[in-house]
Amino acid sequence: MTQSHPRISKAVIPAAGLGTRFLPATKATPKEMLPVVDKPAIQYVVEEAASAGLDDVLMITGRNKRPLEDHFDRNYELESALQKKGDADRLAKVQESSDLATMHYVRQGDPKGLGHAVLCAAPHVGHEPFAVLLGDDLIDPRDPLLKHMVDVQEQYGGSVIALMEVEPEQIHLYGCAAVEATEDGDVVKVTGLVEKPDAADAPSNYAIIGRYVLDPHVFDILRDTEPGRGGEIQLTDALQQLADDEKVGGPVHGVVFKGRRYDTGDRGDYLRAIVRLACEREDLGPEFRTWLRSYVTEEM
């Protein structure tokens with residue numbers, strides 16, 4: 001029998017990566033600030049957290065990431081100029097990012113992997129369950145994955161990870177989960193995890209995507225976790241320990257996501273994300289779709 005657990009309010013967004021796949025664009029501009037249509041990618045992630053009721057957001061940053069802080073801060077000079085022009089629409093868009101959530105920032109320092117980045121959040125999170133959102137994965141707001149994961153954590157306790165079925169030849173790009181079915185159709189119990197396995201060694205084709213709801217006991221495990229694959233402290237390794245011993249931090253469950261996901265961590269997928277989102281915009285979509293059809297038909 002399941003029981004009710006406290007609802008979470010804090011989200012952690014690791015954003016200390018160097019963005020080397022997007023060089024030279026990311027030489028002086030954080031990859032999280034690259035625009036997806038007319039908003040930086042990171043704003044979509046903060047909006048997702050806020051929509052799920054997580055209005056306390058800690059961003060894990062690094063060197064050259066100051067533009068992230070500036071984006072979610074007030075810009076009084078710009079706001080004043082827009083107000084004097086009577087440009088209410090653009091003023092509202094500028095103010096929107098600073099009103100989304102209460103933002104906090106801490107620097108990771110040494111880039112020791114996702115597990116280390118999550119561990120940097122321990123002083124802020126304390127002893128509460130919390131969410132982790134990776135900025136490379138944008139989840140369509142019409143598919144409220146994070147809110148569902150929070151509900152699952154509230155029901156079962158422990159930790160919850162987002163899973164997505166991928167082709168076997170793609171599983172080496174992801175963390176992978178071994179699972180057992182539950183009474184809830186899209187919820188599975190996670191019995192094992194492995195980071196980026198070869199296809200022949202993968203326990204399933206369930207890939208871990210960039211959304212987690214974690215029990216705070218994960219911090220104790222991460223403090224003692226040795227560097228794993230790639231010489232980094234892997235969050236997957238800590239989750240494996242939580243799955244092995246449910247008495248410490250509760251069970252690990254997965255939510256199998258079948259909705260719309262946009263990967264902005266790869267150049268090709270980044271471009272496809274822009275095209276898809278632009279096509280679906282009411283203000284841009286009709287004209288853009290007409291041009292796109294013409295371009296594909298006539299120019300290609």
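How many of the residues of strand 4 (residues 56–61) are buried? Six of its six, so to speak a strand that is mostly covered. Here are some notes to read with the model open; please keep in mind that it is a predicted one.

1. **Strand 4 and its two faces.** The side chains of strand 4 point in two directions: Asp56, Leu58 and Ile60 go one way, and Val57, Met59 and Thr61 go the other way. Both sets are buried. If you colour the strand by burial, you will find each of its six residues on the covered side of the cut-off.

2. **The neighbours of strand 4.** Strand 4 pairs with strand 1 (residues 10–14) through five bridges, and the two run parallel. It also pairs with strand 5 (residues 102–107), again in parallel, this time through six bridges. Valine 57 is a handy residue to click on here: its bridge partner in strand 1 is alanine 11, and it stands opposite methionine 103 in strand 5.

3. **The hairpin of strands 9 and 10.** Strand 9 (residues 175–181) and strand 10 (residues 187–195) run antiparallel and are joined by seven bridges. They form a hairpin, with five residues between the two strands. To check the register by eye, look for glutamate 180, whose bridge partner in strand 10 is lysine 189.

4. **Strand 10 on to strand 12.** Strand 10 has a further antiparallel partner in strand 12 (residues 252–256), with three bridges between them. Here valine 188 stands opposite glycine 254 of strand 12.

5. **Helix 9 under cover.** Helix 9 (residues 235–244) is mostly covered, with seven of its ten residues buried. Those residues are Leu235, Thr236, Ala238, Leu239, Gln240, Leu242 and Ala243. In an α-helix there are 3.6 residues a turn, so residues three or four places apart point the same way. What covers the buried residues of helix 9 includes helix 5 (114–119), helix 8 (217–223), strand 8 (159–165), strand 10, strand 11 and strand 12.

6. **Helix 10 against helix 11.** The axes of helix 10 (residues 267–280) and helix 11 (residues 285–299) come within 7 Å and cross at roughly 125°. An angle over 115 but not over 145 degrees is neither roughly perpendicular nor roughly antiparallel, and the two helices are therefore oblique to each other. Helix 10 brings Val275, Ala278 and Cys279 to the contact, and helix 11 brings Gly285, Phe288, Arg289 and Leu292. By type, the residues of this contact divide into five nonpolar, one polar and one charged.

7. **A buried glutamate.** Glutamate 79 lies in helix 3 (residues 76–85). Is it buried or exposed? Its relative accessibility is 6%, and because buried means under 20%, glutamate 79 counts as buried. Beyond its neighbours within four places in sequence, glutamate 79 is in contact with Arg74, Leu91, Val94 and Gln95.

8. **Cysteines.** How many disulfides does the structure hold? The number is zero. Two cysteines you may wish to look at are cysteine 176, buried with a relative accessible area of 0%, and cysteine 120, which at 19% relative accessibility also counts as buried, since the cut-off is 20%.

9. **A cis peptide bond.** Most residues other than glycine have a negative phi, and most peptide bonds are trans. With that in mind, have a look at leucine 23 and proline 24, which are joined by a cis peptide bond with an omega of about 10°. Proline 24 sits in the loop between strand 1 and strand 2 (35–36).

10. **Two residues with positive phi.** Asparagine 64 is not a glycine, yet its phi is positive, at about 65°. You will find asparagine 64 in the loop between strand 4 and helix 2 (66–71), and at 52% relative accessibility it counts as exposed. Lysine 196 is not a glycine either, and its phi is also positive, at about 50°. Lysine 196 is in the loop between strand 10 and strand 11 (206–214), where its 35% relative accessibility makes it partly exposed.

Conventions. Residues are numbered from 1 along each chain as its sequence is written. This is a predicted model: local features need pLDDT of at least 70, side-chain atom pairs count only at pLDDT 80 or more; totals for chains, interfaces and linings use all residues. Side-chain values use heavy atoms; hydrogens and water are left out. Two strands pair if DSSP finds at least two bridges between them. Helices (H or I, at least four residues) and strands (E, at least two) are DSSP runs, numbered from the N terminus. Buried means under 20% relative accessible area, exposed over 50%, partly exposed in between (1.4 Å probe, protein chains only). Contact means heavy atoms within 4.5 Å. Axes are lines fitted to C-alpha atoms, for helices over the stretch in contact, and angles run from 0 to 180 degrees between N-to-C directions. Angles under 35 degrees count as roughly parallel, over 145 as roughly antiparallel, 65 to 115 as roughly perpendicular and the rest as oblique. Ala, Val, Leu, Ile, Met, Phe, Trp, Tyr, Cys and Pro count as nonpolar, Asp, Glu, Lys and Arg as charged, and the others, Gly among them, as polar. A disulfide is a pair of cysteine sulfur atoms within 2.5 Å.
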